[in-house]
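Please work through the following exercises with the structure open beside you, and try each task before reading its solution.

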Amino acid sequence: MHVLKKRWAAAAAAAAGLVLLTACGGGSGSGTGTTGGAVTLGFAQVGAESGWRTANTKSIQESAKTAGIELKFSDAQQKQENQIAAIRSYIQQKVKVIAFSPVVESGWETVLKEAKTAKIPVILTDRAIDSPDKTLYKTFLGSDFIAEGKKAGEWLTKEYGSATGQVNIVELQGTTGSAPANDRKKGFGDVIAADPKYKIVASQTGEFTRAKGKEVMEAFLKSQPKIDVLYAHNDDMALGAIEAIQAAGKVPGKDIKIVSVDGVKDALQALADGKINHVVECNPLLGPQLMDLVKKVNAGEQVPERIETQETEFDQASAKAALPQRQY
């Protein structure tokens, strides 16, 4: 009887393996791998600081359900120590795969070495880490933040290409030390550095939140006699800044032109209404791709070390066209 049980277990494991392998291809993802013996994924989310992050969380939760993956989810409330504690908890629970969006870029080696020792593969989503040891994680799934910053800078240099005087820019940075804040600043800075007329006169973190974006923009408006352009590292900060600009008696989109990154519905509406001038997209709907990767790394398959999401840009016309179908 014991031998029969063992054989049955081996056959079941082989069958489950086949289901995992066949469910990893492209397609709509409907009915993927909803078998018994689900893969357990521990996901440590940054927080719920923006509309983008809320959409990202929803995509992950819904995609896990569709894919038949058992999801253990934690919200770090934008604190690295909370994420590290969550990852350690997932290691203790012996999950099959760990995925997380790092709050900041540095300080992950110790906990990721613990996951590696426990033979639990790790996937980075949305944000990268700066560790030189690429064996600590299997793959990165997300956006090219430097490219996003460059797109914002390229829009600005086209918009003000014929301007003769100095163009004064204020910058609302994302969370200090985070990959999107570092890279969006660099990409934008690299583009505008080609012409000395573009000058960032004030730059401060708005922590990726609407409330902080408003607060910092209020300070910018008091300290800077002339602001031509606001560059916001995400839409939520730009939307907060719009409130501050209006309260100061200025017209957002005209008196102060605004370029931001993300492409959430509220920002596209503001763009359609002329309050924002340009939006660079950063797609939060990573869930389906993430679940594909979870299944692949759990099955021991090789995956590319970096997988980038396809993204676009919006002007007023394309924002109006996109709004009716916008999911987030």
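## Exercise 1: Lys116

Apart from residues within four places in sequence, Lys116 is in contact with Thr135 and Leu136. This holds in a predicted model.

Task: State which helix holds Lys116, and decide whether its side of the chain counts as buried, exposed or partly exposed.

Solution. Begin with the location, since Lys116 is found in helix α4. Next take the accessibility: the relative accessible area of Lys116 is 45%, and the partly exposed class lies between under 20% for buried and over 50% for exposed, so Lys116 is partly exposed. Finally, consider the partner Leu136, which is 20 residues from Lys116 along the chain, while the C-alpha atoms of the two residues are separated by 6.5 Å.

## Exercise 2: helix α4 and its packing partner

Task: Determine how the axes of α3 and α4 are oriented to each other, and which residues make the contact.

Solution. Helix α3, residues 80–92, and helix α4, residues 109–117, pack with their axes 10 Å apart and at an angle of about 10°. Angles under 35 degrees count as roughly parallel, and α3 and α4 are therefore roughly parallel to each other. On the α3 side the contact is made by Ile84, Ile87, Arg88 and Ile91, and on the α4 side by Thr110, Val111, Glu114 and Ala115. Sorted by character, the residues of this contact comprise five nonpolar, one polar and two charged.

## Exercise 3: helix α2 against helix α10

Task: Classify the crossing of α2 and α10 by its angle and its handedness, and then describe the residues that form the contact.

Solution. The axes of α2 (residues 51–67) and α10 (residues 287–298) come within 8 Å and cross at roughly 50°. That angle makes α2 oblique to α10, and the crossing of the two helices is right-handed. From α2 the contact draws on Ser59, Ile60, Ser63, Ala64 and Ala67, and from α10 on Gly287, Pro288, Leu290, Met291 and Lys295. These residues divide into six nonpolar, three polar and one charged.

## Exercise 4: two residues with 0% accessibility

Task: For Asn56, and then for Gly174, find the element or loop that holds the residue, its burial class and its contacts beyond four places in sequence.

Solution. Asn56 lies in helix α2, and its relative accessibility of 0% means that it counts as buried. Once neighbours within four places in sequence are set aside, the contacts of Asn56 are Gln45, Pro284 and Leu286.

Gly174, by contrast, is found in the loop between β6 (167–173) and α6 (179–192). Gly174 is buried, with a relative accessible area of 0%. Not counting residues up to four places away, Gly174 touches Ala181, Thr205, Glu207, Phe208, His233 and Met237. One of these partners, Thr205, is 31 residues from Gly174 in sequence, yet the C-alpha to C-alpha distance between them is 5.5 Å.

## Exercise 5: the chain as a whole

Task: Which share of the residues in the protein chain is buried, and how many helices and strands does the chain have?

Solution. The protein chain has 11 helices and 12 strands, and buried residues make up 51% of its 328 residues. Turning to contacts between residues at least 6 apart in sequence, 74% join residues at least 24 apart. For the surface, the chain exposes about 14,900 Å², of which carbon and sulfur atoms supply 52%.

Conventions: Residues are numbered from 1 along each chain as its sequence is written. This is a predicted model: local features need pLDDT of at least 70, side-chain atom pairs count only at pLDDT 80 or more; totals for chains, interfaces and linings use all residues. Side-chain values use heavy atoms; hydrogens and water are left out. Axes are lines fitted to C-alpha atoms, for helices over the stretch in contact, and angles run from 0 to 180 degrees between N-to-C directions. Helices (H or I, at least four residues) and strands (E, at least two) are DSSP runs, numbered from the N terminus. Angles under 35 degrees count as roughly parallel, over 145 as roughly antiparallel, 65 to 115 as roughly perpendicular and the rest as oblique. A crossing is left-handed if the near helix is turned anticlockwise from the far one by less than a right angle, and right-handed if clockwise. Contact means heavy atoms within 4.5 Å. Ala, Val, Leu, Ile, Met, Phe, Trp, Tyr, Cys and Pro count as nonpolar, Asp, Glu, Lys and Arg as charged, and the others, Gly among them, as polar. Buried means under 20% relative accessible area, exposed over 50%, partly exposed in between (1.4 Å probe, protein chains only). Accessible areas come from the Shrake-Rupley method with a 1.4 Å probe; for residues, only the protein chains shown count as cover.
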